Amino acid sequence: MAEVGEDPGALVTWEGWWDRDTRKTWALGSPHPCGITHGRAAGPLALARDLLAEGEEPFFVLNSDVICEFPFAALARFHRQHGGVTRVEEPAKYGVVVIEPDTGRICRFVEKPRVFVSNKINAGLYIFSPGILKRIQLRPTSIEKEIFPAMAQEGQLYAMELQGFWMDIGQPKDFLTGMCMYLQALRAQHPEKLHSGPGVVGNVLVDPSAKIGANCVIGPNVTIGAGVVVEDGVRIKRCTVLQGARIRSHSWLESCIVGWSCSVGQWVRMENVTVLGEDVIVNDELYLNGANVLPHKSIAESVPEPRIIM
């Protein structure tokens, strides 16, 4: 975002709190939330109205559960000219956007059509002028279902078709697919950012502070976060290992998400979209098949069938 002159200190975030419909809105760098609201994206925007309206400059709004190349500079140029959508192969899975091909003006939205209407969907990347904030009341409001249709009807909403990859990563299996797409994009555009060396196979991204032992095979499609320790003889493929985790010697991981500060014991086998929440301990010589483990748990026996461990 620095490429388009955005100040990271001016970012505003919102997150789930208490339950799935409650949102706490923060300005980054502030110890206190701007406030608390219920509902979807529009409510937090209303809470942050004073911050977002400063200087009458456009601002970005991003869904946090999508991954793509985030073309902020191109989106800013498009906004200046007109005032993101993306194309998918199975539009019936999503709500689609019907646009004028010549101008990019959005005509209407169709929720999960049964017959072909369009193959363009809302990709969850927006740039707004502060004037949109006048449309949003401080109450539970869906920006996609209430604000956007009214703007489209008034001819005030435009769509830029997103190029390159895009993935909704709200589910663990989709997160891993999105990770693979991101690594492939890195390979094409910035191959120097990928890790290379003995035992590295395909697209692998490793934080410089991570430590990888001898005789390991890492990849393809692996990301290893800051402070991670991978001991000797470990095999990892199609996995994300988050900050501070430790994978002990001779373990085998495929299609897994290992959370922050987890410890995976020796001679462990994990596969089939096993997900470990933060600070999970997996004892030695266990098998986890599709386990979804909530944070701060200790696993002392194998999980041969997919299930949630609370």
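In which sense do strand 13 and strand 16 (residues 229-230) pair, and over how many bridges? Keep that in mind while you get your bearings; what you have open is a predicted model.

**Whole chain.** Start with everything shown as cartoon. The protein chain has 5 helices and 29 strands. Now switch on the surface: about 16,500 Å² of the protein chain is accessible, and carbon and sulfur atoms account for 51% of that. Of its 310 residues, 43% count as buried.

**Helix 3.** Next, select residues 72-82, which make up helix 3. Show side chains for Phe-72, Leu-75, Ala-76, Phe-78 and His-79: these are the buried residues of the helix. Turn the view until you look straight down the axis of helix 3; the buried residues fall within an arc of 160 degrees, so they line one face. What do they pack against? Add 59-62 and 125-128 to your selection: those are strand 4 and strand 10, and the buried residues of helix 3 pack against both. Then swing round to the face turned away from the buried side, where you'll find Arg-80 and Gln-81, both exposed.

**The sheet.** Now for the strands from the opening question. Select 211-212 for strand 13 and 229-230 for strand 16; they pair in the parallel sense over 2 bridges. Click on Ile-212, and look across to Val-230 in strand 16, its bridge partner. Zoom out, and this pair belongs to an open sheet of 6 strands with parallel pairing, in the order 13-16-19-22-25-28. To finish, select 298-299: this is strand 28, an edge strand like strand 13, and each of these two pairs on one side only.

Conventions. Residues are numbered from 1 along each chain as its sequence is written. This is a predicted model: local features need pLDDT of at least 70, side-chain atom pairs count only at pLDDT 80 or more; totals for chains, interfaces and linings use all residues. Side-chain values use heavy atoms; hydrogens and water are left out. Two strands pair if DSSP finds at least two bridges between them. Helices (H or I, at least four residues) and strands (E, at least two) are DSSP runs, numbered from the N terminus. Buried means under 20% relative accessible area, exposed over 50%, partly exposed in between (1.4 Å probe, protein chains only). Accessible areas come from the Shrake-Rupley method with a 1.4 Å probe; for residues, only the protein chains shown count as cover. The arc is that of the directions from the helix axis to the C-beta atoms. Contact means heavy atoms within 4.5 Å.
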